[in-house]
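Let's look for empty space inside a protein together. Take a moment with the sequence and the 3D view before reading on.

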Amino acid sequence: MAKSKSSGRWMKEHFDDQYVKRSKEDGYRSRASYKLLELNDKDKLFRQGMTVCDLGAAPGGWSQIAAELVGDSGRVVASDILPMDPLPGVEFVQGDFTEEEVLNRVLQALGDEPADLVISDMAPNMSGNSGVDQPAAMYLVELALDMAREVLKPGGSFLAKVFQGEGFDDYVRDMRGSFDKVITRKPDASRARSREVYLLGKGFKGV
């Protein structure tokens, strides 16, 4: 089957992408690793000994960075519907965390210690139809925020990828109700034409 011009353009852009090339050279699992590194440089998200929950973790680009930055004294619990190859220092729970059985496994993995940081780079499979894609993306990030409220310790932080569009402003307002400060970031490693931004909530107010 002949490839569309748009898919051919995406393939060329992907393989010409400096971050794709760097991720192969640096041994990272995805270009998304550089987004998290850049966000950490700016906002000091990680420290040694932290407990981190990574939602939508596969293939592991963010979990890999998180495990490096929290060190041997820290913990990373990751979850995704898709499988993920093992990573040192990362406990992985496969399944849909919106299902009670999977959520309980994630909570069990976290144990009695609430999380210092919840990170989410989740996105739905994009169809190209914004009327379908935007609600699906907002649904996922709303679930991530619900999860953060359940597992974060007071004063903790939440970082999530959000797509600008319908529902975005309401979501920011919702986050502000749970965090002392909400910051919008657009890392250099995000493609310029993408509507994705990262929202960071700092200072979780508690349930």
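Which residues line the largest cavity? They are Ser120, Met122, Ala137, Leu140, Val141, Lys161 and Phe163. A cavity is a set of points, on a 1 Å grid over the protein atoms alone, where a 1.4 Å probe fits but cannot get out, and lining residues have an atom within 4 Å of a point.

This is a predicted model, where local features need pLDDT of at least 70, side-chain atom pairs count only at pLDDT 80 or more, and totals for chains, interfaces and linings use all residues. Residues are numbered from 1 along each chain as its sequence is written, and side-chain values use heavy atoms, leaving out hydrogens and water.

The count comes to 1 cavity of 30 Å³ or more, and the largest cavity holds about 40 Å³ of space. A volume here is the space filled by probe spheres set on the points, with grid points joined across faces, edges and corners. Two elements, α6 (130-151) and β5 (152-163), each give two or more residues to this lining. The largest share, 3 residues, comes from α6. Helices (H or I, at least four residues) and strands (E, at least two) are DSSP runs, numbered from the N terminus.

Here is the lining by class:

| Class | Members of the class | Lining residues |
|---|---|---|
| nonpolar | Ala, Val, Leu, Ile, Met, Phe, Trp, Tyr, Cys, Pro | 5 residues |
| polar | the others, Gly among them | 1 residue |
| charged | Asp, Glu, Lys, Arg | 1 residue |

Now for the whole protein chain: it has 7 helices and 7 strands. Of its 207 residues, 49% count as buried, meaning under 20% relative accessible area with a 1.4 Å probe, protein chains only.

Definitions and conventions. On a 1 Å grid over the protein atoms alone, a cavity is a set of points where a 1.4 Å probe fits but cannot get out, and a pocket is an open set with protein on both sides within 12 Å along at least five of seven lines; lining residues have an atom within 4 Å of a point. Buried means under 20% relative accessible area, exposed over 50%, partly exposed in between (1.4 Å probe, protein chains only).
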